[in-house]
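User: Please take a close look at one part of this model and describe how it sits among its surroundings. A connected account is fine.

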Amino acid sequence: MNHSQTPITILLNDAPRRAMQAHALAHKDKEVAGMMIGPRPEKQPDGFYVVEIVDYVAAKFTIIRDGSVTITADSWRYVHIEMAKRHPDHRTCIVGWTHTHPGFGLFLSESDLFVQCGFFKQVWQVAAELDPVARRAGF
């Protein structure tokens with residue numbers, strides 16, 4: 001089953017929503033990215049996955065150029081260190097990623113699809129996109 005055919009319900013808690021928005025709004029002139037954190041989703045009896053987002057970690061150490069953002073090895077290391085600090089019980093995982101398209105609208109570019117399919121391989125891992133200029137967001 002590919003990502004586009006997987007039935008998913010997304011529960012976005014208020015704290016990570018606000019953190020995602022604040023990160024995007026602080027950088028209206030460049031693309032930024034981050035990771036959404038939550039408990040590992042399990043397939044429900046109805047076939048849906050419930051993805052609960054309980055935390056957000058901004059991806060530091062990214063490379064920004066030509067209207068795109070690259071998540072580096074240092075970015076991944078930082079996210080995992082933050083996850084270990086914030087969730088020492090290790091009951092959470094990366095349930096998806098976010099990035100911004102300031103002023104360009106909401107769509108997944110070829111590069112975005114490459115990242116989604118190459119690095120977020122679980123059928124329940126989601127992508128969120130924010131346009132801080134238009135003040136719009138979507139999954």
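Analyst:
**A strand residue, a covered strand and a pocket**

In this predicted model, T9 counts as partly exposed because its relative accessible area is 33%, and buried would require a value under 20%. The residue belongs to strand 1, which spans residues 8–12. Once neighbours within four places in sequence are set aside, T9 contacts F48, Y49, V50 and V51. E52 lies 43 residues away from T9 along the chain, yet the C-alpha atoms of the two are separated by 8.3 Å.

Strand 8 can be set beside this. It covers residues 126–131, and six of its six residues are buried, so strand 8 is largely enclosed by the rest of the structure. Side chains in a regular strand alternate between the two faces of the sheet. In strand 8 both faces are covered: one side carries V126, A128 and L130, the other A127, E129 and D131, and all of these are buried. The buried set therefore includes the acidic residues E129 and D131 as well as V126, A127, A128 and L130.

Strand 8 has pairing partners in strand 7 and strand 9. With strand 7 the pairing is parallel and extends over five bridges; G96 has V126 of strand 8 as its bridge partner. Between strand 7 and strand 8 the chain passes through helix 3, giving a β-α-β crossover that is right-handed. With strand 9, residues 136–138, the pairing is antiparallel and is made by three bridges. One bridge there links D131 to R136 of strand 9. The hairpin of strand 8 and strand 9 has four residues between the strands, and R135 takes a positive phi near 55° in it.

Helix 3 and strand 7 also take part in the second largest pocket, which holds about 310 Å³ of space. Along with strand 6 (68–70), strand 7 (93–100) and helix 3 (110–119) are the elements that give two or more residues to its lining. Helix 3 supplies five residues, the largest share of that lining. The lining of the second largest pocket has 19 residues in total, and those nearest its centre are S68, V69, T70, S111 and V115. By residue class, the lining of this pocket consists of eight nonpolar, seven polar and four charged residues.

Notes. Residues are numbered from 1 along each chain as its sequence is written. This is a predicted model: local features need pLDDT of at least 70, side-chain atom pairs count only at pLDDT 80 or more; totals for chains, interfaces and linings use all residues. Side-chain values use heavy atoms; hydrogens and water are left out. On a 1 Å grid over the protein atoms alone, a cavity is a set of points where a 1.4 Å probe fits but cannot get out, and a pocket is an open set with protein on both sides within 12 Å along at least five of seven lines; lining residues have an atom within 4 Å of a point. Grid points are joined across faces, edges and corners, and a volume is the space filled by probe spheres set on the points. Ala, Val, Leu, Ile, Met, Phe, Trp, Tyr, Cys and Pro count as nonpolar, Asp, Glu, Lys and Arg as charged, and the others, Gly among them, as polar. Buried means under 20% relative accessible area, exposed over 50%, partly exposed in between (1.4 Å probe, protein chains only). Contact means heavy atoms within 4.5 Å. Two strands pair if DSSP finds at least two bridges between them. A crossover is right-handed if, with the strands pointing away from the viewer, the path from the first strand over the helix to the second runs clockwise.
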